[in-house]
Amino acid sequence: MKKIYSLLLVLTFSFAAFSQNISLEAFKSSELSGELNSTRTLKIYVPDSYQQDSTRVYPLAIVLDAEYLFDIYVANSKLFSAKDKAPEQIVVGIFQNQKNERKTDCAVDLNSMLTETSSKFYKFIKNELIGYIEHNYRISPFRTIVGNTITANFTNYFMVEPTPIFNAYVNINPRYSQDIADLFRGKVPTIDRHTYYYLNNGAFLGEEKSKNIESLYYVLKNFENDNFKYKYDAFDTSTNISSMGQAIPAAMAHIFDMYSSISKEEFDTNIADLNPAEAIEYIEKKYVEIQYLFGANLKIRERDIFAIESIILDKEDGAYLEEFGKMINRLYPESPIGDYYIGQYYETGNNLKKALKYYKNGFAKISSEDPNSDGYYQNVERVLAKQKSLNNGQEIGDDYDEEIIETVQGDETGR
């Protein structure tokens, strides 16, 4: 289908909360016609960093009911990225409450199928809006769609299609179609890529709506597909309005859990029982997936390296200390930690010459003003004492022939 993009007007405003990164655009759609409003107002947020790196790409979030949900979502996306709990995102909101468009945009018939008008709105998002955003902005493969009540229900029709275009679905106070559970039963077992799903409930929704949401939750609990990751929240002391402010950060924490540093829960569930080689592979794979999905070129965080430290030290007699240290040296060549682990590897194996070499190399990276300097040097002193003991009190010189260690860069690196 030929895609026609007609940009009527671009108005850029300065918002105190979000600097000058939000624009309002009037978008003329060729898919929307008839009783539907064919000119839609879009609200677009672009992170500060977008102009700083022309190669970086960003996850995309499409927010329905943008008049109510857009600012809440953007505020949380900024907070989560600032705290390193989620990547920065490009957020596109669609206004649907100017002429009560949401009712025709997201209508379903008695068989829980999209109507003629909602099918057009579906095609507008899939065939026009996504392509327009990808053409004009640097977008990563990861896409999220967010809705509230009937717009939340509408998001599910993207998930149950043969090839979904979204990776994550946020259903705030969803007003589900009558037969939505049947659509899920036919789709969820076949999902073959990581898909994140969020729904919330609450007594404020009324008994009937609350029971419908709870019924779908029990359906979700019965699925055994590791690619489908859902989260269900019950906000029993909330209101319709306050629940929006609760649901969005809860959904974001769920969706971007993989992006975050390794939590205790992640360690206990996925890492604790691994052997050293598997633990190293797990952490490396985690960051490859982060880069692919979210466009965030992160090197492995130091705290994640230390999260698997106990496995490396305690299992298989420290056989992977050298590999662990080399990984750290690749990531953080300025840090003495990698050399420390390699030195420990050789010291454990009684190769004292190599152990001393690496300990000295690590010590050379530490500033004389660092309070840890004296503590680190104790490694050097300990190995020198062992050498002296093994050689009847004679100190061994340090001018043995060894291969040059890549992490040493002459006298420029140290003291």
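Which residues have the most contacts inside the largest nonpolar core? The legends below take that up, starting from the whole chain; keep in mind that this is a predicted model.

**View 1. The whole protein chain, with its helices and strands.** Start here to get your bearings: you'll find 15 helices and 9 strands in the protein chain. Of its 415 residues, 51% are buried. Take the contacts with a separation of 6 or more, and 70% of them turn out to link residues 24 or more positions apart. As for the outside, the accessible surface adds up to about 20,400 Å², and carbon and sulfur atoms hold 48% of that.

**View 2. Inside the largest nonpolar core.** Here's the reply to the opening question: I62, I125 and Y197 have the most contacts within this core, which has 108 residues. Helix α3, running over residues 116-136, supplies the largest share, with 8 residues. In soluble globular proteins, nonpolar side chains tend to be buried together.

**View 3. Zooming in on I62 and what it touches.** Leaving out residues up to four places away in sequence, I62 touches V92, I94, L129 and I130, along with T144, I145, V146 and F166. Lying apart from the largest core is another one, made up of 12 residues. I342, Y358, I366 and V383 are among its members.

**View 4. K43, a lysine in strand β3.** Strand β3 covers residues 39-45, and K43 sits in it. Is K43 buried or exposed? K43 counts as buried because its relative accessibility is 10%, and the cut-off for buried is under 20%. The side chain of K43 also makes a polar contact of 3.2 Å with the side chain of D71.

Technical notes. Residues are numbered from 1 along each chain as its sequence is written. This is a predicted model: local features need pLDDT of at least 70, side-chain atom pairs count only at pLDDT 80 or more; totals for chains, interfaces and linings use all residues. Side-chain values use heavy atoms; hydrogens and water are left out. A nonpolar core is a set of buried Ala, Val, Leu, Ile, Met, Phe, Trp, Tyr and Cys residues joined through side-chain atoms within 4.5 Å. Buried means under 20% relative accessible area, exposed over 50%, partly exposed in between (1.4 Å probe, protein chains only). Helices (H or I, at least four residues) and strands (E, at least two) are DSSP runs, numbered from the N terminus. Contact means heavy atoms within 4.5 Å. Accessible areas come from the Shrake-Rupley method with a 1.4 Å probe; for residues, only the protein chains shown count as cover. A polar contact is a pair of N or O atoms within 3.5 Å; within protein, one must be able to donate a hydrogen and the other to accept it, and residues adjacent in sequence count only if both atoms are side-chain atoms.
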